[in-house]
Amino acid sequence: MEKQMYDIYTRENFYKFQDELWNSLLHVTKLVRENENCWVYNVVNQKDGVRNIFEVVHDKDSDIFPCTCMKFESEGILCIHILVLFNKLQICSMSHAYILKRWTKAAKLERVVDDDGLEINDCSDSSLSFRRNKLFQLASNVIDRVVFSEEASKIFTDALEGLFEKVKSVMSGCDSEGDSEKNSSVQQPDFDEPLQVRAEGSG
């Protein structure tokens, strides 16, 4: 992974990544809970012990690793805690989801590709996945707390069903607006031909 990012990142951003990678060797991780959607790990510094605990969630469906430190979301460079988990899971190459185009050597080019010739995109797909991760982590935290109580589970389920109906109505409104805009852009207005007049001074 270090060699991969050396070839892709600019020198300044590679050094930032390298610092995170080397410092990750001072940390340890432990699986603390699991559900049908994800694994949740705690990451701690071996020197600090349990004073600073960060939580990394491994989404089973999307294979994405949001961390509570939010370093990647704020700086665009993977944090120590996710790299610790990568090492534990023997992930040896960086996913395209974690390579932002603006930090690469070829950032000024129209297309950025890795060693395999695959294009690296820094676009709305990334922000969409991060938004999904935040929502998923919030929902996962709530589920882990209410699952032990039947009453709390029922309250959460009822609230979620009501929320889902509201979301459906909002999304259907967005779809109809998008369709109307699309139709309006296709429909061409009719204009009458202007009257033909002679220019002043013409024969």
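**Bridges, core and surface**

Biologist: Glu34 counts as partly exposed; what is its relative accessible area?

Modeller: The cut-offs first: buried means under 20% relative accessible area, exposed over 50%, and partly exposed in between, with a 1.4 Å probe and protein chains only. Glu34 falls in that middle class because its relative accessible area is 48%.

Biologist: And what pLDDT do side-chain atom pairs need in this predicted model?

Modeller: Residues are numbered from 1 along each chain as its sequence is written, and side-chain values use heavy atoms, leaving out hydrogens and water. This is a predicted model, so totals for chains, interfaces and linings use all residues, local features need pLDDT of at least 70, and side-chain atom pairs count only at pLDDT 80 or more.

Biologist: Back to Glu34: which residue does it form a salt bridge with?

Modeller: A salt bridge here is a side-chain nitrogen of Lys or Arg within 4 Å of a carboxyl oxygen of Asp or Glu, and the structure holds 8 of them. For Glu34, the closest N and O atoms are 2.9 Å apart. The partner counts as partly exposed, at 29% relative accessibility. That partner is Lys60.

Biologist: How many residues apart in sequence are the parts that this pair ties together?

Modeller: Helices (H or I, at least four residues) and strands (E, at least two) are DSSP runs, numbered from the N terminus. Glu34 sits in strand β1 and Lys60 in the loop between β3 and α3 (71–75), so the parts they tie together are apart in sequence by 26 residues.

Biologist: Glu75 and Lys71 also pair up; which of the two counts as buried?

Modeller: Their side chains meet in a salt bridge at 3.0 Å, N to O. Both lie in helix α3, 4 residues apart, about one turn of the helix. Glu75 counts as partly exposed, at 42% relative accessibility. The buried partner, at 18%, is Lys71.

Biologist: Asp158 has a salt bridge too; which residue is on the other end?

Modeller: The closest N and O atoms of this pair are 3.0 Å apart, and Asp158 counts as partly exposed at 40% relative accessibility. The two residues are 4 apart in helix α6, so about one helical turn separates them. The partner counts as exposed at 53%, and its name is Lys154.

Biologist: What is the pattern of helices and strands along the protein chain?

Modeller: The chain has 6 helices and 3 strands. Read along the sequence, they follow the pattern α-α-β-β-β-α-α-α-α.

Biologist: Which element supplies the largest share of the largest nonpolar core?

Modeller: A nonpolar core is a set of buried Ala, Val, Leu, Ile, Met, Phe, Trp, Tyr and Cys residues joined through side-chain atoms within 4.5 Å. This one has 27 residues, and Met5, Phe17, Leu78, Ile82, Phe86, Met94 and Tyr98 touch the most other members. α1 (2–8), α2 (11–23), β2 (38–45) and α4 (80–88) each supply at least two residues. The largest share, 6 residues, comes from α4.

Biologist: How many of the 9 residues in α4 are buried?

Modeller: The buried ones are Ile80, His81, Ile82, Leu83, Val84, Leu85 and Phe86. They pack against α2, β1 (27–34), β2 and β3 (53–59). α4 is mostly covered, then, and its count of buried residues is 7.

Biologist: Phe17 is one of those core members; which residues does it contact, leaving aside neighbours within four places in sequence?

Modeller: Contact means heavy atoms within 4.5 Å. With those neighbours left out, the list for Phe17 is Met1, Glu2, Met5, Tyr9, Ile77, Leu83 and Met94.

Biologist: Which residues make the nonpolar surface patch of about 430 Å²?

Modeller: Patches are made of residues with over 30% relative accessible area and no salt bridge, with like charges joined within 9 Å and nonpolar side chains (Val, Leu, Ile, Met, Phe, Trp, Tyr) within 5 Å. One member, Leu163, is found in helix α6 (residues 150–186) and is partly exposed, with a relative accessible area of 47%. The full set is Leu160, Leu163, Val167, Val170 and Met171.

Biologist: What share of the exposed area do carbon and sulfur atoms supply?

Modeller: Accessible areas come from the Shrake-Rupley method with a 1.4 Å probe, and for residues only the protein chains shown count as cover. Of the 203 residues in the chain, 29% count as buried. The chain exposes about 14,300 Å², and the carbon and sulfur share is 54%.
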